[in-house]
Amino acid sequence: MRFETKAIHSGRSIDKSTSSVTMPIHLSTTFERAADGSYPNEFVYSRESNPNRHALEDCLTSLEEGYDCVTFASGMAAITSLIEALPADKPRRVIMPNDMYFGIHSLLWETDIGSKFDIVIVDMTNLHEVEKAIKSAPTGLVWIETPSNPLLKVIDFEAVTKIAQQAGAYTVADNTWATPVLQRPLTLGVDFSIHSVTKYIGGHSDLMIGAVVARSDSPMLTNLRAWQHSKGAVPSPFDCWLALRGVQSLAQRMMTHCANASEIADFLDYHPNVGAVHYPGLSNHPGHHIAARQMSSFGSMLSFQVKGGQREAMAVAAKVQLVTRATSLGGTHSLIEHRASVEGSTTMAPPNLLRLSIGLEHVDDLKEDLSQALEEVK
């Protein structure tokens, strides 16, 4: 089946008890045994498995062309579990990119994860740095984020994965921004693709789920399943149901998201009050050719730097009327955020940078709103 068909049919079937086309929400926490003590439907207790979660995991596995999927209560729960699931016989060394989701920085600095693992930060767009870091000491895990948050750096999946595999390290790609509509890291050799399903897959800013899709069976996947069951950070049946509803329109939504973002990037790139635009769809982006090779389109996230400093950037964000000043991304509404003030003193974001999540509004309305917000920048 092609992607659009998978998004509608994978993980779903007509309900046998009612013939309903839409899957019911199974809120039960426990399931009855048969008289012989067996579980004829394979469900025992909802923390271990639930029909709605099972359906979502099957669907995401199919969309990513993977082997299996493990879902969690949030993207951060998925990230934490994936790092901790590194098998005991693997080195505790984790290579990470210097531009990545700030929540991971917080995880490393504010919890015990940073002390339990040897975290090495490199510019992953520079393959020499990657190779040097991996060869300098035994490495267990290489973390790839592309396009990156918030500077939209592009990392070459195949090149980094080849270096990691030669060193015996697992690889993981944060595929939240691209979604399996635009890129499928597992088909390029990556071991695990991770998603904040909260974002584009859910698509409506009304649920919270994280997911890890594995390319093949492995001890790390076994650990992930054990972490999900025993540590209990599982998504609710209702959130799984919402995600399955949202994923059905994912391909169509991403087409509009990407088309809008491309126009907005061009508009901002020529605006006299904008100093720089970070969007891989622009031909002047340093990662444009790699993105064109490993993505089917360039996504709907972009960031831009207002001429001036933080004061000018904050003034633009304050003046928008249609675009919403809010964190997160991937919903129907366009969102704008000044990342440096959100992230605080440890931020890597330039003080004049604004991040945009382009939604599904008419693109001309978005351009008009950004135009009036930028017109008085001094």
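No disulfides are counted in this predicted model, a disulfide being a pair of cysteine sulfur atoms within 2.5 Å. The table gives the values for two cysteines; buried means under 20% relative accessible area, exposed over 50%, and partly exposed in between (1.4 Å probe, protein chains only).

| Cysteine | Nearest cysteine sulfur | Relative accessible area |
|---|---|---|
| Cysteine 59, in no disulfide | cysteine 69, 9.2 Å away | 0%, buried |
| Cysteine 258, in no disulfide | cysteine 59, 19 Å away | 4%, buried |

Because the model is predicted, local features need pLDDT of at least 70 and side-chain atom pairs count only at pLDDT 80 or more, while totals for chains, interfaces and linings use all residues. Residues are numbered from 1 along each chain as its sequence is written, and side-chain values use heavy atoms, leaving out hydrogens and water.

Helices (H or I, at least four residues) and strands (E, at least two) are DSSP runs numbered from the N terminus. Two strands pair if DSSP finds at least two bridges between them. Seven strands form an open sheet with mixed pairing, in the order E1-E7-E6-E5-E4-E2-E3. At its edges stand strand E1 (68–72) and strand E3 (118–122); each has a single partner strand, so one side of each lacks a neighbour in the sheet. From one strand to the next, the twist averages 20°. Axes here are lines fitted to C-alpha atoms, for helices over the stretch in contact, and angles run from 0 to 180 degrees between N-to-C directions.

Within this sheet, strand E4 (residues 141–145) pairs with strand E5 (residues 170–174) in the parallel sense over five bridges. Opposite tryptophan 143 stands valine 172 in E5. Helix H3 packs on the sheet, with contacts (heavy atoms within 4.5 Å) to E1, strand E2 (93–97), E4, E5, strand E6 (192–196) and strand E7 (210–214). The direction of H3 makes about 155° with that of E6.

Helix H3 (residues 75–84) is largely enclosed by the rest of the structure, because eight of its ten residues are buried. Among them are Gly75, Ala77, Ile79 and Glu84.

Another buried residue is glutamate 343, at 9% relative accessibility, which lies in helix H14 (residues 339–343). Its side chain makes a polar contact with the side chain of threonine 347 (2.6 Å). A polar contact is a pair of N or O atoms within 3.5 Å; within protein, one must be able to donate a hydrogen and the other to accept it, and residues adjacent in sequence count only if both atoms are side-chain atoms. Leaving aside residues up to four places away in sequence, glutamate 343 touches Phe102, Met348 and Ala349.
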